Amino acid sequence: MSARPRVDGPPQHSGNAIRDSALGRVPETLEEIIALNGAVWRRSLVPPALLEVIRLRNARTVNCVYCKSVRYREAREDGLTEARAALVGEDYANSELTRREKLAIGLADAYLGFPAGMSRELALALAAEFSPEQVASMFVALMTFNFTSRTAVSIGGMPEEPLPVTLISVEATAG
Amino acid sequence: MIASPTSVDLDRALAPAGSAAASFARLWQSLWVAPYLAAPLLELCRLTLARLHRDPAEMAAQNPHLESGTVGAVQREAVLAGTAHRSAAFSADERAVLEFAESYGLDPQTIPDATAEAVRAALGDAGLVFLIEALGCLDGRMRAARCLRDFHGVTGLGGSA
């Protein structure tokens, strides 16, 4: 991983984490990326705590140091305490996470595999627990989180681990 | 019959998710008209990732953002065979972009600095960031499409495999 950022953010600072990053160099996509992040957190068809479980699983797999250290206030207020966030690890299947949270991690792992792919057992379990609309919503959220974390890793300049846990609100990354 | 969805027609399968899916679809559309990377080269990046994902449906998919024949058969075959890096069918700048796509697809953590620098020299700072964004979209859409094909195939919900 590149120790220094390959591209710096724009010189002007707005207070929006996406706008102030290297993504701010591409005006043709910037506003839609900000809007997408806002739509995922504000209008997804699954609750914020479940989104955060998916986001943290992705952050762990992609190994995005920033993404792993961040916690969204909306998910915390929805019940995902730090103790529960810590369960999104290797042994999640035997943890106290709910069945829906474990299935969401299963969906994330199916997506994050190389190559990606979903087992028959997981597909049937997801269909029994979530509506097709909710499954689609989780994939959109996962694509967004994955896009963001892989972009951060590719641009480089990641700090050394561990970073302290930082609570942020969706306003920090959305319009 | 080509299996669906793939990265190029995923939006219909995601539409039930509502406004976030619509936003992702707009981002996807914008990639094909942005000024940093010609659409045929972006399509070759998509095919590079399709090969890495070993996904026949992706490799066979017809991209509606390109007119038929826009990507030459020689270039297409070289990318799908994994020989673009030593093919005379590409310019040095095109090879740099495809080499970056290959590294990104394998693991973004291992993109060599020299590879990124070659893209920056070809496309500029904004072009490098745009390429990273585009690859993130392409890769994510391939992953989601593959999972949804499996999901729909097993459950019969939401689409046709």
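A helix crossing counts as right-handed if the near helix is turned clockwise from the far one by less than a right angle. Keep that in mind as you open this predicted model.

**Stop 1: chain B by itself**

Hide chain A for a moment. Chain B has 7 helices and 0 strands, so along the sequence you read α-α-α-α-α-α-α. Its radius of gyration is 16 Å, close to the 15 Å that the globule rule gives for 161 residues, so chain B is as compact as a globular protein of that length. The C-alpha trace spans about 45 × 30 × 30 Å along its principal axes. Colour by burial and 48% of the 161 residues count as buried. Look at contacts between residues at least 6 apart in the sequence of chain B: 64% of them join residues at least 24 apart.

**Stop 2: where the chains meet**

Bring chain A back and select the contact between the two chains: 47 residues from chain A and 45 residues from chain B. On chain A, the helices that each supply at least two residues are α1 (27-43), α6 (99-112), α7 (120-129) and α8. Which of them gives the most? That's α8(A), with 16 residues. Colour the chain A side by class and you get 29 nonpolar, 10 polar and 8 charged residues.

**Stop 3: α8(A) against α7(B)**

Now select residues 132-155 of chain A, helix α8, and residues 113-155 of chain B, helix α7; their axes come within 9 Å and cross at roughly 150°. Here's where the opening definition pays off: this crossing is right-handed. To see who does the touching, show side chains on α8(A), including A:Val135, A:Phe139, A:Met143 and A:Phe147, and on α7(B), among them B:Val129, B:Ile132, B:Gly136, B:Gly140 and B:Phe151. By class, this helix pair's contact has 12 nonpolar, 5 polar and 3 charged residues.

**Stop 4: the nonpolar core**

In soluble globular proteins, nonpolar side chains tend to be buried together. Here, the largest nonpolar core has 99 residues, and A:Ile54, A:Phe139, A:Val140 and B:Cys45 touch the most other members. You've already met A:Phe139 in the contact of α8(A) with α7(B). The largest share of the core, 17 residues, comes from α7(B).

**Last stop: A:Val140**

Zoom in on A:Val140. What does A:Val140 touch, leaving out residues up to four places away in sequence? Within chain A there is A:Val40, and across in chain B there are B:Leu14, B:Ala17, B:Ala20, B:Ala21 and B:Phe24.

Technical notes: Residues numbered from 1 in each chain as written. Chains lettered and ligands numbered in written order. Predicted model: local features only at pLDDT ≥ 70, side-chain atom pairs only at ≥ 80, totals over all residues. Axes fitted to C-alpha atoms, helices over the stretch in contact; angles between N-to-C directions. Helix = DSSP H or I, 4+ residues; strand = E, 2+ residues; numbered from the N terminus. Contact = placed C-beta atoms within 7 Å. Nonpolar A, V, L, I, M, F, W, Y, C, P; charged D, E, K, R; others polar. Core = buried A, V, L, I, M, F, W, Y, C linked by C-beta atoms within 7 Å. Buried ≥ 20, exposed ≤ 12 C-beta atoms within 10 Å, placed from the backbone. Rg over C-alpha atoms; globule rule 2.2 N^0.38 Å.
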